[in-house]
Amino acid sequence: MRFTNIIIRGFRGFNEEQSLSLDRDVVIIYGLNGSGKSSLTEGLEWLFFGGISRQRLSRCRSDYQYEEYLRNLFYIGPGNPFVEVKGILKGKPITVKKELLKKGQVCYIDGITVPDFGRLGLNLANYFRPMLAQTEIKVLVDSEQKDRWEQLSSILGQDELTILREDLIKLKREKRDLEYKKQEGRYQSLLDDIERMPALAPLISPLSELKTDALVTEIGQITGVVSRSFQEFIPEIQTKQKSLLNTELGHRIAELNLGDGDKLLEFLGKLENGIGKLETLSVVATRDGYDLNHLDFLTKGMSIAAVPVCPFCGEHTFTDEKSKTINEILKAGEKAQDAITELKTLKNDIDISIANFYGSGKDYFPERRDLKIIAQKLLDIGELELARRIQNLDNTIAEIIEGSYNNLSKGKSDYFDYLDNKYFHNKPADDGSLRRLKGFIAGIITARHEVLVDWEDLKGDLTKTISVAGSAPEEQIKMWVILEKLCTFFASTYNFVKITKLLERLDAIQENLKAFEKRELERLLNKHAAEIKAYYEMLNPGDKIQFTGIAVKEGERRQAALKAEAFGKIMNPVTTFSEAHSNSLALSIYFPQRVDRNYTWETIILDDPVQSMDENHTQALIEIVAKVSENKQVIILTHSKSFYRRLIARFRYLKPLVYSFFYNDDSGPKISLTEGETPSLITKIREEVAKGDPLSLETASTLLRKSIESVCVEFLLDKGYSFKTVDNKKNAGLKDLLGEAEKGGFSPSDIGRLRSLLDITNPDSHAWSIADTTVGFLRSGMNTVNSIYDVYLK
Amino acid sequence: MEEKTPLESFYETLEDDLKEIIGDYINNHEYGVLSSKFDALTRDK
């Protein structure tokens, strides 16, 4: 993009709306410090890049909050502050505008609101800013190495490789969707199954490499089935499985775990034995009518009455004889206490045994889990009646276990109640409870026996249909199940192979890309370092300090360091370069990176690029800018009068637009458009002469003298004289300056016309002044200078 | 002669079977082009 016009209102140094034409190959803007010219650069920065370098590079960024710093201090409206640029983009006129709101901003392209300027297709990364702001110059050299690497990577055109890398990652993530991941899980599970199955070892290699043709061949060899597809294997495999499943069922029937009958007898025997002791212990605990409450009363009474003599009257109320009698009673009661303790323990054990039966009861009966499997397998092979009978048997066992538990619990509780009532509470007791409990115990044994008889009957019927001979074919069954899963997987998810192989190819592209990026970036970096070096040498011809290249440091985050050399010693420009050398190096980085490689911008903006440059460096810079101007629009802002003059002289052939920012106040910068210093002076002389008062005429006289000086200076610079030479002549006085102008090409008659305007009464004086201050003389002088300017410089 | 872009140079280094995947993408840096190519290559013929 190149610019044709800029309008700024209420932004930074601009208050009132100002419109500047930029429609020229070279635009030169001169202004003293503080005249507002940098606000112009900042306006362009903010418009396209969203921030200004002064803020971006500041160490006090918190001072720049809320974007208030962008609004002109004196701006009161109407409307929002804005910056608008008209220009040419890809051969078409375009208007780009940004308004500053109280919060945020609004962007427009050709009057239409847009979220940002991305659609312009311009490089809008900071390191592609076509403008070199004053604050940026030092930072181009003095920046972090890791940041420099990232910028270089982008500047060297590696962005598109980065985008490809990111696109490949995105593609892999998107194509490995949920469905694919499920298939991948099934595939991995198959691979694991096959690796654990020695008989299927030949499948491992073709499966892991997803060679489907080889896989079909190997499956054919294992199964003995000739097939060209996974689908064709499936019915054959299912037939084989059915046959093996029958064998497996027979084995399961023959080997059914019937439960541990001996342990059941042992358990019930212990339970019965414990129950049998309870009544005897209850008798001992309450023998001879020992009333536990009474014994307790006596024990407490003994502790209270253990005072042999009354402390008040001295009478023996609790005699030794009484004490002896009570102690004998208590001693005799100890046996009853022991019996009570043992009774409690035994009851507790019985409680626990019966409670455990709820869980352990299944161990004494045929294995219900196996019965369920047998029933299911019978259903699978269509033996519905046999399956039903097995299920009934399973249900019966469940009912016996639960019923037995309930009976034992109830019978035990009843018997415990009987003992308590009869021996401890002297209440009516149920004499039949023990008999019933023993009946329940015996019932369990009987029930188990009946279950076993039923099973034997059932087994007899099962063996009529199912062979129970032979060993368990579990491994074989597993193998055929895996083979079926394998064939089903590939028959139903053939795309899985294609996607997986394509994803592997994406992996290969990523690997290639990684290696290429590393190799290519280093190559481009060397090339780019040579570009920087070339600019540096143009700016510093013959200098002992030379830029030598860019060193790349490997690591998790790559870094790029600048290198220089002086007198055979390697040096770090960041830490050792003088201000002037840093300035040169910054410009040497700016031109290749942000001008030569910045293809989308057809404009460069240099804001005071000669900050600490001497004359030679300045001249070299002008020549570089002249070369750039062959391909791009150049906008240069400067506070240096000498640089300004030289620019005008150097670019006169391009008829540059020249602006002067001559002062700035609360309404904004005062800007005049001029074609050079001399015409500007002529205009001012005309204004002063028009006023006609003596003071104005005196001022006009001084300006006329300056215009004579100016026309000579501009002429000599235009002729290629160095600024230093011209400056020396100017300082020597008008006599020398006119002499040099004559040597340079002013005709003797024109020199005579200029001399005629001066008071040369003293020919050796260096301070010739204007000969007269009358209106007529000054007008004539003004016309003389103007006509000479037109002949030689316009 | 116009210098090759880094992407074009990278493309030249790839073997043919990998070129097949990103060939169209090189001319048009659109993710959709890459994704469509992937789908086309995995579609049942």
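Helices (H or I, at least four residues) and strands (E, at least two) are DSSP runs, numbered from the N terminus. The model toured here is predicted: local features need pLDDT of at least 70, side-chain atom pairs count only at pLDDT 80 or more, and totals for chains, interfaces and linings use all residues. Residues are numbered from 1 along each chain as its sequence is written, while chains are lettered from A and ligands numbered from 1 in the order in which they are written.

**First stop.** Select residues 694–718 of chain A, which form helix H23. At 1.5 Å a residue (multiplied by one less than the number of residues), these 25 residues should span 36 Å, and the end C-alpha atoms are indeed 36 Å apart. Just after H23(A), select A:Gly720, where phi is positive, at about 100°.

**Second stop.** Select A:Ala580, in helix H19 (residues 579–596) of chain A. Is this residue buried or exposed? A:Ala580 counts as partly exposed because it has 15 C-beta neighbours inside 10 Å; 20 or more would make a residue buried and 12 or fewer exposed, with C-beta atoms placed from the backbone. Next, add A:Asp614: its C-alpha lies 8.3 Å from that of A:Ala580, although 34 residues separate the two in sequence. Beyond neighbours within four places in sequence, A:Ala580 is in contact (C-beta atoms, placed from the backbone, within 7 Å) with A:Ser612, A:Met613 and A:His617.

**Third stop.** Turn to the contact between the chains, which takes 22 residues from chain A and 19 residues from chain B. On the chain B side, select helices H1 (6–13), H2 (16–27) and H3 (31–42), the elements that each give two or more residues. H3(B) provides the largest share, six residues.

Notes: Two residues are in contact if their C-beta atoms, placed from the backbone, lie within 7 Å.
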